[in-house]
Structures are given as C-alpha cells and as structure tokens.
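Let's take a walk through this protein together, moving from the overall fold to a few individual residues. Keep the viewer open and follow along as we go.

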Amino acid sequence: MTSTEHYETSNSIFLDTLKTMGKLELVSFISKLPVPIAIFDDESTVLSLNQLFADIYESDALYMFGKKLNEFSTVVYALYNDAVVKFNKELYLEQIENEFYSKGHFYILNFRALRTADRAIESIIVVCTDVTRLKRRERVLIQNNKKLHDYLYIDQTTGLKNKIALEEYLAEHFIDGNREKFSFVKIDIEDFKKFNQLNSYSIGDEILNHLGELFSEEIDQDNAQLYRLNSASFIIVLEQSTPWKVLTVAERLRQKISKEQIRFDEITDEILGVTIGIYHPRVNDNFAEIDIMQQLEIAVNQAKEQGKNSIFVLE
C-alpha cells in the first residue's frame, strides 16, 4: 500500500467512525483531545467539537453541536470559507493556517481538509492554538527593539534623528553617482553655551526642542531630513534641490529664528541667532561622510567670519 493509499484509508476510517457515532459519543470522543478542536462539514455545520473549543466562545459543546459556524463567529466563518475555496482549488492542499483574536486572546487556526478518495472535501478539522503569551512576548520584544532603536538613533532632547542616524543615512544613500543630488545645511545656534549658563540647561533643552519643532515644520514640504548633530547644531539633508532653493530654505530658517525673539535674559536686548553653512557636493568630490561634516564646519566658520546671523555657501 502506498503512502497516499494509506492516508486515504486512514481518513476514510476516521470519517466512518465519526459518522457512526451519536451526538454524545462524538462530543465524548473529541473531548478527550487536549486542544480546542472542532469538525465541520463543507457547509460549516458542526459535526463534533470539544468543550475547549466551545470555551473560546463562552458556550457549551452540546449547544454548539449541529450549528453553523457563522452563528457563533463571523470572523472564523469568513476564514473558514476562504479555506474551503482554497481547498477546492488545490486538490492536494491539506492544511491552511490563519490567525484571529477573540475575547482577549490570540489564536492560530489550523484548518485541515479530510478528503474522499476522489479528493472531494468531506469535512474539515479546525484546531485552535492559544498564542496569547507568545504575542505578548513578541510585543515586548518589539517594544524593546524600538527602545533600543530610539536610544541609538533618536536624540533624547528633541526627538529628532541624531548623528548616528545621519551617518547611517549617508552611508546608505550618499554613494557614487548620487552625490550631486544632495545638499547639506548646517545650523549653529550662536552663543548657546552662554544662553545655557544664563538660563540653566533645562531651559536650554526646552529651547532646543522648540527650535527642532520649528525647523521640522519649516522644511516639511522640502523633501528634507533633519538631524540634531550636537548641543547647538542641526543638519538638514535635502535631495533634488537647486542651489537657489537650498539658499531659500536656509534664509527662511534664519528669519524664523529671528522672529522668535528668544532673549538671553531680561536685562539685555541680545536675542538668540543662528549661523548657517551650506555645502553642495559635486559628482567628482570623492568625499566620505566624515568629509561632509568637515566641509559643513568650514562653511559655518566662514559664515561666522561674516558676522552673526550670516549664511555662507561653500563652493
């Protein structure tokens, strides 16, 4: 006897056993199995089930016997119908898995087709596995991964992406042939160390967070990425932008900060300003990520030589 013939014979014996059992015998037979299980015909009528299966729906096994699946679960009924369609299309498909949620629990549904010798579906066994604990562990793992990601790539003061995120972005995108489509803007907050000393570092952090929000809003429509580099510096990476557009973005940001009128203290009229450096890589510039930082630092230093609240474009 071949394995296929043995399988068909086993199924036939199992089905014949089910057919000869009465209602109470079927429930008794299935009840001895240690997992939630039910057997349906191809029209989703319950042929047999155990109490573990009925417990999922807060019902009684004897009550559910002979009822249609859609009478106690429209979700599982829909999954069941999908499984029947697939079983009918693929005559040698024996098993399908799905997932569903019910009353605070996650379950894996395993549909297994019992077929006649000519591959017609005679009944379908449905086995439920409670995977709630696994799901909770998975959720904790995802949360922990997110915390690790945030710790590594997110600036804790502003919620912006940090220097590590910038370096990774450049390593992935700033490659030969693509260099010319990038432009870089570095924003240095002027005399921010002095501001912190006069107002406290907690106030300084609030200002950094506020400026980060302002910058984000201002470049929202500019196909740009914003990063906080260090205590008083931000970097913006723009793609597919003309030199004129990049200069316009920088000027908008400079004016935005100026209009905020963030004073150093209540006695003087000194307000917080920014110095901005701009760098446009050329296709023949053989620079790595670290060289970009150096070029931006040069641009900012050149801007500072021009005076406060200046913008310098490094050619």
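The paragraphs below go from the whole chain to its cores, then to a helix pair and some single positions. Please bear in mind that this is a predicted model.

Let's begin with the chain as a whole. It has 315 residues, and 42% of them count as buried. Its secondary structure comes to eleven helices and ten strands. If you take the contacts between residues at least 6 apart in sequence, 55% of them join residues at least 24 apart. On the outside, the accessible surface comes to about 17600 Å², and carbon and sulfur atoms account for 52% of that area.

Now look inside. The largest nonpolar core holds 29 residues, and the members that touch the most others are Ile 187, Ile 189, Leu 211 and Leu 272. Which elements each supply at least two residues of this core? They are the strands E6 (182–189), E8 (233–239) and E9 (274–279), together with the helices H8 (192–199), H9 (201–218) and H10 (243–260). Ile 189 is a good residue to click on here. Setting aside residues up to four places away in sequence, Ile 189 touches Leu 208, Leu 211, Ala 232, Phe 234, Leu 272, Gly 273 and Val 274. There is also a second, separate core, made of 28 residues, with Phe 53, Ala 61, Phe 100 and Tyr 107 among them.

Two of the helices that supply the largest core, H8 and H9, deserve a look as a pair. Packed helices like these are described by the angle between their axes and the distance between the axes. For H8 and H9, the angle is about 130 degrees and the axes are 7 Å apart. An angle of about 130 degrees therefore makes H8 oblique to H9. From the H8 side, the contact is made by Phe 192, Phe 195, Asn 196 and Asn 199, while H9 brings Tyr 201, Ile 203, Gly 204, Ile 207 and Leu 208. Sorted by class, this contact has six nonpolar and three polar residues, and no charged ones.

Stay with H9 for a moment, since Ser 202 and Asn 209 are both found in this helix. Ser 202 is partly exposed, with a relative accessible area of 46%. Its C-alpha is 10.0 Å from that of Thr 157, and the two residues are 45 apart in sequence. Asn 209 also counts as partly exposed, because its relative accessibility is 27%. Thr 158 is 51 residues from Asn 209 along the chain, yet their C-alpha atoms are separated by 4.4 Å. Apart from neighbours within four places in sequence, Asn 209 is in contact with Thr 157 and Thr 158.

Next, move to helix H5 (residues 74–89), where you will find Phe 87. Is Phe 87 buried or exposed? Its relative accessibility is 0%, so Phe 87 counts as buried. Beyond residues up to four places away in sequence, Phe 87 touches a list of partners that includes Leu 93, Ile 96, Phe 111, Arg 112, Ile 121 and Ile 124. Arg 119 is 32 residues from Phe 87 in sequence, with 9.6 Å between their C-alpha atoms. Arg 112, one of the partners of Phe 87, also leads us to Ile 125: these two are 13 residues apart along the chain, and their C-alpha atoms are separated by 5.1 Å. Ile 125 is in strand E5 (residues 121–130) and counts as buried, at 13% relative accessibility.

Finally, turn to the backbone in two loops. Most residues other than glycine have a negative phi. Glu 58, in the loop between helix H3 (51–56) and helix H4 (61–64), has a positive phi of about 50 degrees. Glu 58 is exposed, with a relative accessible area of 65%. Asn 309 also has a positive phi, of about 60 degrees, although it is not a glycine. Asn 309 lies in the loop between H11 and E10 and is partly exposed, with a relative accessible area of 33%. Ser 310 is found in the loop between helix H11 (289–306) and strand E10 (311–314). Ser 310 counts as buried, because its relative accessibility is 11%. Leaving aside neighbours within four places in sequence, Ser 310 is in contact with Val 274, Thr 275, Ile 276 and Ala 303.

Technical notes:
Residues numbered from 1 in each chain as written. Predicted model: local features only at pLDDT ≥ 70, side-chain atom pairs only at ≥ 80, totals over all residues. Heavy atoms only, no water. Core = buried A, V, L, I, M, F, W, Y, C linked by side-chain atoms within 4.5 Å. Buried < 20%, exposed > 50% of the residue type's maximum accessible area, 1.4 Å probe, protein only. Helix = DSSP H or I, 4+ residues; strand = E, 2+ residues; numbered from the N terminus. Contact = heavy atoms within 4.5 Å. Areas by Shrake-Rupley, 256 points an atom, 1.4 Å probe, with all protein chains shown as cover. Axes fitted to C-alpha atoms, helices over the stretch in contact; angles between N-to-C directions. Parallel < 35°, antiparallel > 145°, perpendicular 65-115°, else oblique. Nonpolar A, V, L, I, M, F, W, Y, C, P; charged D, E, K, R; others polar.
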